[in-house]
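Colleague: Could you take a close look at one part of this chain for me and then set it in the context of the whole? I would be glad of a connected account.

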Amino acid sequence: MAQAKKIALWAVVIFVAYTVIHSPARAAELVQVGFEGISDAAKSIGEFMTQLIK
């Protein structure tokens, strides 16, 4: 089982490296979208907590 995890991790690393090398602009766009999603989620959680306190 540990061997399968190690192979899967290497596959993901190789895929990410290939994507960044092959299309850096698209990779940067995907990272930006991911960070915007995390930011929006954090804002929503903050608003939810604020409403709970009121």
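**A close look at Thr 50**

Modeller: Happy to! Thr 50 is partly exposed, its relative accessible area being 37%. That value places Thr 50 in the middle class because buried means under 20% and exposed means over 50%. Please keep in mind that this is a predicted model. As for its setting, Thr 50 sits in helix 2, which covers residues 24-53. Arg 26 lies 24 residues away from Thr 50 along the chain, and 36 Å separates their C-alpha atoms.

The other helix offers a useful companion to this view. Ala 11 belongs to helix 1, residues 2-22. Like Thr 50, which is partly exposed, Ala 11 is partly exposed, with a relative accessible area of 43%. From Ala 11 to Glu 36 there are 25 residues in sequence, and the C-alpha to C-alpha distance is 26 Å.

Now to the chain as a whole. Its secondary structure consists of 2 helices and 0 strands. The radius of gyration is 18 Å, whereas a compact globule of 54 residues would have one near 10 Å. Along the principal axes, the C-alpha atoms fill a box of roughly 50 × 35 × 5 Å. Just 2% of the 54 residues count as buried. The accessible surface is about 5,000 Å², and carbon and sulfur atoms account for 73% of that area. Finally, the charges: there are 5 positive and 4 negative side chains, with 13 Å between the centres of the two sets.

Technical notes:
Residues are numbered from 1 along each chain as its sequence is written. This is a predicted model: local features need pLDDT of at least 70, side-chain atom pairs count only at pLDDT 80 or more; totals for chains, interfaces and linings use all residues. Side-chain values use heavy atoms; hydrogens and water are left out. Helices (H or I, at least four residues) and strands (E, at least two) are DSSP runs, numbered from the N terminus. The radius of gyration is taken over C-alpha atoms; the globule rule is 2.2 Å times the number of residues to the power 0.38. Buried means under 20% relative accessible area, exposed over 50%, partly exposed in between (1.4 Å probe, protein chains only). Accessible areas come from the Shrake-Rupley method with a 1.4 Å probe; for residues, only the protein chains shown count as cover. Lys and Arg count as positive and Asp and Glu as negative; His and the chain ends are not counted. The place of a charge is taken as NZ of Lys, CZ of Arg, CG of Asp or CD of Glu.
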